[in-house]
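This report describes one strand pairing and two pockets. The sequence and structure are shown first.

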Amino acid sequence: MTKVTRRQFVKGMVAGGVVAAGAMAVPGPLRKAYAQKPKLSVGLWNHWVPGATDVHKQLCAEWGAANNVEVSVDLIGPQCRDIRTIASAEARAGTGHDVMAVCTFDAWSFKDQLEPLNDVAEYLEKKYGKFDDVGTYLSFSDKDGIWITIPAPTGSHSYPMVSRIDLYKAHAGVDLVELFPDDAAKRDKAKIDKFDYTNFLEAAKKLHKAGFPFGNPISETSDANDWLCPLLLSFGSEPMKRDGTITVESDATLAGLEYLKELTQYMPKEIYGWDDASNNRWIISGKGSTVQNPPSAWTVAKRTQPETAKLLWHHDTPRGPAGRFRGALFYNFCVWKWAKEKKAGKDLIAWLLEKDQQWKILAAAQGYDMPQLKPMYAHPVWQEEGPPKGTVYNYIPRGDEKLIVGGYPAHPEQGVQIYSKHIIPVMVAKATTGEMSPKEAMKWCAKELEMVTG
């Protein structure tokens, strides 16, 4: 990945005729309709939840009709690689959609070709408060003071634990529904504090003995990043600081690897060859007691194994010595710097992310999409979805969990490489299979990270 300095970025902005964000008109629904009917081209993520995409298209059409804008929508995906391919091609060609929905880190690959969206971010944050930490981490370039993208709910998701209510109660003596109720006001903090990795290990032993192991991939796949990186961070292990300082060689990393070395003794042996769908199949099949996944596994179970679906509960991850962390992958909206209709694009993004529109978007996704503005957590969809009713309530963080994306807290330009090269899962695999000792695996990881910074 080409590293762009702040000076190069600012120089590119000036050459491209980009004005300062503060000089732009404030977006929002209270503007007058466009006098001449511009044509706005939008590339949206093709949502996998049936009917969700229809709602997104209807909202775009509604905004276009109200503002005298001809809005054309192309659906891309649902795989992130499909969006990445289109966005990369448009970045090279300097032509394409005005507005694009992009995945997680992707915009950092062509941030110098993106229109600053400070005015949109400021408008939304003034109304609803700050974007959450992950959305800000992925969208805001702190060294430039620029929002290169805007965090969007559509497609954004996190990785809570998804567990069998009956198996935990029968074999581990844990009532998950009582511990993680579908009402934040009924949470007992003292009890939840005891749900840590030490106690989880004991539960994993009991569930394994009963024939229902905990299962997650430890392989070169996305889901492996999404549970291993938060777990290690909960022990205090960080791969790299934002300034590029490599910090993986630490007592905290060693403690996390030693823990995983024991935990994996009570997991399926096949996890080193699992892909992103394997843990879904594991919990749906009835063989597993716990995985970490968005509500997609549960949604499939409702169709294919409804009796199993009725027994699934989404809940917090365990706490480690350094806190409680959960993996997340968020989507974003961007506007190309060379877009013909930048102003219309910004207005549409701002309007889509206002409460009335987000309410419809979140309902259409049936609890899968995750907002990055806290007031949107009040949406009733997470309490109403079932069976069992309230199973996805804790899919939205209700306690002290901190959402992170794999590679954090490294700068996103390095974080994307840590994530896409699966450096952390490979380190864990080496340490837990006996290929290397935990110390040797940690040193191997440090050398891999040196190549990321180089």
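In this predicted model, Pro151 has Asn332 of β10 as its bridge partner. That contact belongs to a wider pairing: strand β6 (residues 150-158) and strand β10 (residues 325-335) run antiparallel to each other over 5 bridges. Strand β6 is mostly covered, with 9 of its 9 residues buried.

Strand β10 also takes part in the largest pocket, where it is among the elements that each supply at least two lining residues. The others are the helices α3 (80-93), α10 (222-234), α12 (278-284), α13 (296-304) and α18 (412-420). Of these, α3 provides the largest share of the lining, 4 residues. The residues closest to the centre of this pocket are Gln79, Cys80, Ser222, Asp276 and Leu329.

The second largest pocket draws at least two lining residues from each of α6 (165-172), α7 (176-179) and α9 (197-209). Here α9 makes the largest contribution, 5 residues. Nearest the centre of this second pocket lie Gly173, Val174, Leu179, Lys194 and Phe195.

The volumes and linings of the two pockets are set out below.

| Pocket | Volume | Lining residues | Lining by class |
|---|---|---|---|
| Largest pocket | about 1100 Å³ | 34 residues | 18 nonpolar, 11 polar and 5 charged residues |
| Second largest pocket | about 310 Å³ | 15 residues | 7 nonpolar, 2 polar and 6 charged residues |

Definitions and conventions: Residues numbered from 1 in each chain as written. Predicted model: local features only at pLDDT ≥ 70, side-chain atom pairs only at ≥ 80, totals over all residues. Heavy atoms only, no water. Buried < 20%, exposed > 50% of the residue type's maximum accessible area, 1.4 Å probe, protein only. Pairing = 2+ DSSP bridges. 1 Å grid on protein atoms, 1.4 Å probe; cavity = no way out; pocket = protein on both sides within 12 Å on 5 of 7 lines; lining within 4 Å. Points joined across faces, edges and corners; volume = space filled by probe spheres on them. Nonpolar A, V, L, I, M, F, W, Y, C, P; charged D, E, K, R; others polar.
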